[in-house]
Amino acid sequence: MAINPFRILLHCDWSANAKKRWVSLAKRIGSIWQISAPHLVGDTSIFVDRLFTADGPLIAGFDFPLGLPLADGQVTGLTDFPGVLEVFGQNDWAEFFDVADTPEQISAMRPFYPRRSTAGSKRKDLLDGLGIENFDSLRRACDFATPTRRQPASPLFWTLDGNQVGKAAIAGWREVIIPARHRGARLWPFDGRLTDLAAAGSPVLAETYPAEAYSHVGVAFRTNMSKRRQSDRRAAMRGLPDWARQNRVMFSTDLAKMIADGFGPRGDAEDAFDALIGLLGMIEVIDGRRLERPSGQIVGESLEGWILGQAA
């Protein structure tokens, strides 16, 4: 079992709304991962500072896309996601982060739509504005359903529906990813494999997907269950204490109580829940029980990126 030398793991369940951003932390002490209860991210500038003052190799996971769909690159000519992050919001790309209000505002350089939920917003408007033929072409290869995740991820640029990720990505890129990159943070998988990145000495940033991680750590939601219900979260996590014992993971007292209680009745409990499960999925990768990415070359990976631990 190959273990990567990371000693500190962070996983963030992100949102455009700062009050819905939760982070879970694991520290490796000897051979044991010690995990504390999730908490709100708070001030993002302070959060970024702490990435660079951690005691030991650190990797931080974020549940928003780190990459652009290949079809968009075929329209714009973009091929390198870390490189284009440097120009978004500037010069010709000045409006990139401004979510379009109307179909007329949509373009390759202003691709997010719609800013508000209105009855007139149509997927076809987005496709026409971007010059892309079908909605699935807006998805990256890693966004499609997998054998362990029945539902595909929402395309980056479509900012309507309950599972949309575009507005969270905009906030995450502007407030965390770009500032951290300017200070030397590495971006997985664009900058290399995990072992090499850990040895480089800078914080590593990666994309995660808690819904993909559920089955990796034995969390199971049946078709009639929802992570939004306390009782269903409690039932889905029933096997977590056994998983933790088998894999040298220790939950803090507060966290153990939260797990046993299904994270409580709060309306935002699902956010803290996903912050934890995403973190446990990262441990599966760092401890070598799951591949960080599929073996072999992934078409368009330099633009699209990948989800950490997704094998299919």
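## Close-up views of a predicted model

**Figure 1. Packing of helix 1 against helix 5.** In this predicted model, helix 1 (residues 44-51) packs against helix 5 (residues 166-182) at an angle of about 40°, and the two axes lie 9 Å apart. Two packed helices are described by the angle between their axes and the distance between the axes. The crossing of helix 1 with helix 5 is right-handed. From helix 1, the residues Thr44, Phe47 and Val48 take part in the contact, and they meet Glu175, Val176 and Ala180 of helix 5. By class, the residues of this contact comprise four nonpolar, one polar and one charged.

**Figure 2. The largest pocket.** This pocket holds about 1,300 Å³ of space. Its lining consists of 44 residues, and those nearest its centre are Asn163, Tyr209, Ala211, Lys227 and Asp274. At least two lining residues come from each of helix 5, helix 7 and helix 11. Helix 11 gives the most to this lining, with three residues. The lining of the largest pocket divides into 17 nonpolar, 11 polar and 16 charged residues.

**Figure 3. The second largest pocket.** The volume of the second largest pocket is about 290 Å³. It is lined by 14 residues, with Leu10, Leu25, His39, Phe47 and Arg50 closest to its centre. Phe47 also appears in Figure 1, where this residue of helix 1 belongs to the contact with helix 5. Strand 1 (8-13), strand 2 (22-29), strand 4 (39-40) and helix 1 each supply at least two residues of the pocket lining. Of the elements, strand 2 gives the most, with three residues. Nine nonpolar, two polar and three charged residues make up the lining of the second largest pocket.

**Figure 4. The largest cavity.** Rolling a probe the size of a water molecule over the atoms shows where empty space is left. The structure contains one cavity of 30 Å³ or more. About 90 Å³ of space lies in the largest cavity. Among the 13 residues that line the largest cavity, Thr208, Ala213, Gly278, Gly281 and Leu308 are nearest its centre. Helix 7 (210-213) and helix 11 (269-286) are the elements that give two or more residues to this lining. The most come from helix 11, which gives four residues. Helix 7 and helix 11 also each supply at least two residues to the lining of the largest pocket, shown in Figure 2. By class, the cavity lining has seven nonpolar, five polar and one charged.

Note on methods:
Residues are numbered from 1 along each chain as its sequence is written. This is a predicted model: local features need pLDDT of at least 70, side-chain atom pairs count only at pLDDT 80 or more; totals for chains, interfaces and linings use all residues. Side-chain values use heavy atoms; hydrogens and water are left out. Axes are lines fitted to C-alpha atoms, for helices over the stretch in contact, and angles run from 0 to 180 degrees between N-to-C directions. A crossing is left-handed if the near helix is turned anticlockwise from the far one by less than a right angle, and right-handed if clockwise. Contact means heavy atoms within 4.5 Å. Ala, Val, Leu, Ile, Met, Phe, Trp, Tyr, Cys and Pro count as nonpolar, Asp, Glu, Lys and Arg as charged, and the others, Gly among them, as polar. On a 1 Å grid over the protein atoms alone, a cavity is a set of points where a 1.4 Å probe fits but cannot get out, and a pocket is an open set with protein on both sides within 12 Å along at least five of seven lines; lining residues have an atom within 4 Å of a point. Grid points are joined across faces, edges and corners, and a volume is the space filled by probe spheres set on the points.
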